Amino acid sequence: QLQLVESGGGLVQPGGSLRLSCAASGGIFDVYNMGWFRQAPGKEREFVAAISWNGGSRYYSDSVKGRFIISRDNAKNMVYLQMNSLKPEDTAVYYCNAAGGPVTDYVPEYWGQGTQVTVSS
């Protein structure tokens, strides 16, 4: 069983940046495609970004494309989400996840507990 623990959330002003981290343990990290979802208050959980097992392919939702960057370090069992030019509508709980299926049809199997990101002045 893969365990995922997010960190790095917090309060940031509009236009600012934040970097989320996700530490994986309990499994073979580099066989999994990794991703991030988010859930804003009163809204459904939505896909944010995904990265293939070797980092060779990355996918983003239209709402974050050009502002967010997903990356991973297989030597450290870590995945990251660099968030730039943050907007109030990015406010949400962000969840790290892992999927064994194809990254082009990203369906998470494992989830972290989430980290709160609040974008407000």
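Colleague: How far from the centre of the ring of Trp111 is the charged end of Arg45?
Modeller: The model is predicted, and the distance is computed from it. The charged end of Arg45 sits over this ring. From the ring centre of Trp111, the distance is 4.7 Å.

Colleague: Over the ring of which tyrosine does the charged end of Arg45 also sit?
Modeller: Arg45 places its charged end over the ring of Trp111. A tyrosine ring also has this charge over it, with 3.9 Å to the centre. That residue is Tyr95.

Colleague: Which residues form one aromatic cluster with Tyr95 and Trp111?
Modeller: The whole structure holds 6 aromatic pairs. Tyr95 and Trp111 belong to one cluster. The other members are Phe37, Phe47 and Tyr106.

Colleague: What kind of pair do the rings of Phe37 and Phe47 make?
Modeller: There are 6 aromatic pairs to consider. In this one the ring centres lie 5.7 Å apart. The planes stand at 80°, and the cut-off for this class is over 60 degrees. The pair is therefore edge-to-face.

Colleague: Which strands does the pair of Phe37 and Phe47 tie together?
Modeller: The two residues are 10 places apart in sequence. Phe37 is buried at 12% relative accessibility, whereas Phe47 is partly exposed at 27%. Because each residue lies in its own strand, the pair ties together strand 4 and strand 5.

Colleague: Is Trp111 buried or partly exposed?
Modeller: Phe37 counts as buried, at 12%. Its ring pairs edge-to-face with that of Trp111, with centres 5.2 Å apart and planes at 70°. This pair links strand 4 to strand 10, 74 residues apart. At 32%, over the 20% limit for buried, Trp111 counts as partly exposed.

Colleague: How far apart are the C-alpha atoms of Tyr59 and Phe47?
Modeller: Tyr59 lies in strand 6 and is partly exposed at 32% relative accessibility. Its contacts beyond four places in sequence include Phe47, Val48 and Val103. Tyr59 and Phe47 are 12 residues apart in sequence. In space, C-alpha to C-alpha, the distance is 9.8 Å.

Colleague: Which residues are linked with Asp90 in a network of salt bridges?
Modeller: The structure has 4 salt bridges. Asp90 forms one with Arg38 at 2.9 Å and another with Arg67 at 2.8 Å. Arg38 also forms one with Glu46, at 2.6 Å. The residues linked with Asp90 are Arg38, Glu46 and Arg67.

Colleague: How many residues apart in sequence are the parts tied together by Asp90 and Arg38?
Modeller: The closest N and O atoms of this salt bridge are 2.9 Å apart. Asp90 lies in the loop between strand 8 and strand 9, whereas Arg38 lies in strand 4. The pair therefore ties together parts whose separation, in residues, is 52.

Colleague: Is Glu46 buried or partly exposed?
Modeller: Its salt-bridge partner Arg38 is buried at 5% relative accessible area. Asp90 is buried too, at 1%, and so is Arg67. Glu46 has 35% relative accessibility, over the 20% limit for buried, and therefore counts as partly exposed.

Colleague: Which two loops does the salt bridge of Asp90 and Arg67 tie together?
Modeller: The closest N and O atoms of the pair are 2.8 Å apart. The parts are 23 residues apart in sequence. Because each residue lies in a loop, the pair ties the one between strand 8 and strand 9 to the one between strand 6 and strand 7.

Colleague: Which residues of the largest nonpolar core touch the most other members?
Modeller: This core has 29 residues. Strands that each supply at least two of them include strand 3, strand 4 and strand 8. A second, separate core of 5 residues includes Phe37 and Tyr106. In the largest core, those touching the most members are Leu4, Met34, Trp36, Leu81, Met83 and Tyr94.

Colleague: Which residue in strand 8 stands opposite Ala23?
Modeller: Strand 3 is joined to strand 1 by 5 bridges, with the two running antiparallel. Strand 3 and strand 8 also run antiparallel, joined by 6 bridges. Opposite Ala23, in strand 8, stands Met78.

How values were computed. Residues are numbered from 1 along each chain as its sequence is written. This is a predicted model: local features need pLDDT of at least 70, side-chain atom pairs count only at pLDDT 80 or more; totals for chains, interfaces and linings use all residues. Side-chain values use heavy atoms; hydrogens and water are left out. Two strands pair if DSSP finds at least two bridges between them. Helices (H or I, at least four residues) and strands (E, at least two) are DSSP runs, numbered from the N terminus. A nonpolar core is a set of buried Ala, Val, Leu, Ile, Met, Phe, Trp, Tyr and Cys residues joined through side-chain atoms within 4.5 Å. Buried means under 20% relative accessible area, exposed over 50%, partly exposed in between (1.4 Å probe, protein chains only). A salt bridge is a side-chain nitrogen of Lys or Arg within 4 Å of a carboxyl oxygen of Asp or Glu. Contact means heavy atoms within 4.5 Å. Rings of Phe, Tyr and Trp (its six-membered ring) pair if their centres lie within 6.5 Å; planes under 30 degrees apart count as stacked, over 60 as edge-to-face and the rest as tilted. A charge sits over a ring if NZ of Lys or CZ of Arg is within 6 Å of the ring centre and within 35 degrees of the ring normal.
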